[in-house]
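Q: Please give a close account of one part of this model, the interface between its two chains. The structure is shown here.

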2 protein chains.
Amino acid sequence: MRNKPIGIFDSGVGGLTVYNELEKACPADDIVYFGDTGRWPYGIRSPRVVTGYAGEIVDFLLSHEVKCIVVACNSASAMALENIGPDCPVPMIGVIKPVACTAAEATQNKRIGVIGTEGTIASGAYAEAIEAIDPSLKVTGKACPLFVALAEEGYLDRPATKLIVADYLASLKKLDIDTLVLGCTHYPLLKNVIAEEMGEDVRIIDSGASTAAEVKRRLIADGHYRDEDRRGIHRFYVSDTPGKFAQVGRLFLGREIGTVTQIDISRYGVEIPQPE
Amino acid sequence: MRNKPIGIFDSGVGGLTVYNELEKACPADDIVYFGDTGRWPYGIRSPRVVTGYAGEIVDFLLSHEVKCIVVACNSASAMALENIGPDCPVPMIGVIKPVACTAAEATQNKRIGVIGTEGTIASGAYAEAIEAIDPSLKVTGKACPLFVALAEEGYLDRPATKLIVADYLASLKKLDIDTLVLGCTHYPLLKNVIAEEMGEDVRIIDSGASTAAEVKRRLIADGHYRDEDRRGIHRFYVSDTPGKFAQVGRLFLGREIGTVTQIDISRYGVEIPQPE
């Protein structure tokens with residue numbers, strides 16, 4: 001089992017921020033990444049639809065004999081994990097619980113803000129996870145539906161972006177939070193504007209490092225951590241054409257992605273031949 | 001055949017702007033509307049994926065024995081219609097050609113701008129259709145990827161919206177166009193800001209009226225127009241939960257939508273029972 005790959009998926013390209021940290025935490029491990037670019041974004045969909053999509057992806061990753069599955073997508077972690085995780089034959093690790101732990105440790109005044117997609121915020125998953133750690137913590141969520149579109153479009157630091165960030169964060173600023181969770185893997189691209197708006201006393205927490213650390217901890221606990229002097233082989237699969245994934249992926253990783261293969265995920269992992 | 005319903009589909013809710021005009025043009029006709037809310041938006045996807053999705057929807061509509069199919073989605077009209085239309089056993093009418101005719105008639109100085117999703121603009125379908133009518137017409141396209149998100153989020157007239165509209169339209173303003181095609185069914189929601197930015201000398205053309213007029217013309221030509229004193233029965237199907245479709249649909253129609261039913265479109269029209 002130890003030499004099997006780690007599976008990781010996201011609705012699209014945003015999960016590469018988690019992948020990036022996973023590679024650092026588990027450098028010897030092989031990784032299979034799936035980005036559902038043919039059906040993203042997930043944050044605008046219902047829990048039922050997201051659960052159906054995530055179920056297909058889990059089957060696809062299991063066909064690669066993965067030893068665990070990392071749900072790098074906040075929306076899928078919030079809306080689908082509790083339905084799918086219990087029946088999955090390998091451990092499934094979402095982003096919500098690791099990030100909730102980090103936020104609970106970080107706050108001094110016990111007031112935490114969480115921003116994310118409509119689906120993530122409506123699920124209440126972050127509030128539930130944080131309050132389960134310490135019921136005295138006060139968690140306030142705010143959906144920021146335009147942030148993903150702004151990040152994708154490269155509107156990272158423009159006047160319009162600053163106005164929209166100020167609109168969305170106004171209600172959280174009034175609550176005197178000292179910790180803000182970026183509950184969507186696209187939001188780190190807007191981190192500078194968000195941090196500036198919230199002020200230097202607010203600590204900003206994203207999904208990558210906490211989740212990767214939890215995966216490593218769990219693999220070590222299960223005796224499945226690969227502690228060897230090798231560099232893992234990483235494979236990337238998507239449900240739309242690979243070109244744009246590779247292109248936007250460079251934005252997230254700051255380097256080239258290797259070969260990306262398109263599959264028909266609704267048929268559970270049958271590879272589609274690429275056109276010439 | 002005359003008494004069969006008209007089929008119409010869109011990636012989601014935006015096609016209701018075309019449906020609205022279709023109802024006026026063909027009031028006695030029954031209509032079956034499908035919105036692919038579980039997989040929208042289409043404008044960020046490749047022609048190949050959009051063609052696959054549109055093919056499933058056409059099969060679903062044919063299972064309702066429709067007499068024609070209206071492709072109310074600009075992205076699907078631009079990326080999928082020429083691949084699917086020739087094999088379809090009933091006429092398929094997209095938004096591009098009717099709107100191209102209206103734009104070609106409207107321009108005085110022969111300079112036309114087209115705005116739309118990345119997929120629609122990259123396809124070049126509007127330029128091709130307009131230049132086929134009159135090769136002396138000069139067509140310039142500009143993708144405006146943030147407009148759909150702004151419209152969905154109700155950012156119709158805010159300062160941030162005005163900044164983004166000004167960014168996107170700056171290159172078109174320099175070209176002295178006198179006609180601007182809103183090549184996406186969401187854009188009419190931003191019409192006021194777009195018109196203000198372009199100035200009063202630029203005529204703005206959207207998809208609804210031209211397309212509905214073309215459908216009526218075609219049905220009359222085929223002897224399939226239903227010219228009776230009755231009000232058609234309209235049914236709505238979607239691929240995600242019906243609640244949000246009905247809610248955002250009110251924004252587009254200015255009135256309530258009737259019963260909306262969720263189906264699993266990837267299985268070609270098997271109805272999913274709704275949870276209690």
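A: One pair serves as a starting point: A:Lys244 and B:Glu118 form a salt bridge, and their closest N and O atoms lie 3.4 Å apart. The term salt bridge denotes a side-chain nitrogen of Lys or Arg within 4 Å of a carboxyl oxygen of Asp or Glu. By this rule, four salt bridges are found across the interface of chain A and chain B.

The model is predicted, and local features need pLDDT of at least 70, side-chain atom pairs count only at pLDDT 80 or more, and totals for chains, interfaces and linings use all residues. Residues are numbered from 1 along each chain as its sequence is written, chains are lettered from A and ligands numbered from 1 in the order in which they are written, and side-chain values use heavy atoms, leaving out hydrogens and water.

The interface also holds 20 residue pairs in polar contact, with both residues at pLDDT 80 or more. Such a contact is a pair of N or O atoms within 3.5 Å; within protein, one must be able to donate a hydrogen and the other to accept it, and residues adjacent in sequence count only if both atoms are side-chain atoms.

Chain A brings 34 residues to the contact and chain B brings 34 residues, where contact means heavy atoms within 4.5 Å. The area buried between the chains is about 2600 Å²; buried area is the accessible area (1.4 Å probe) that two parts lose on being put together, summed over both. Carbon and sulfur atoms give 52% of this area. On the side of chain A, the residues that lose the most area to chain B are A:Arg48, A:Leu146 and A:Glu153, together 21% of what that side buries.
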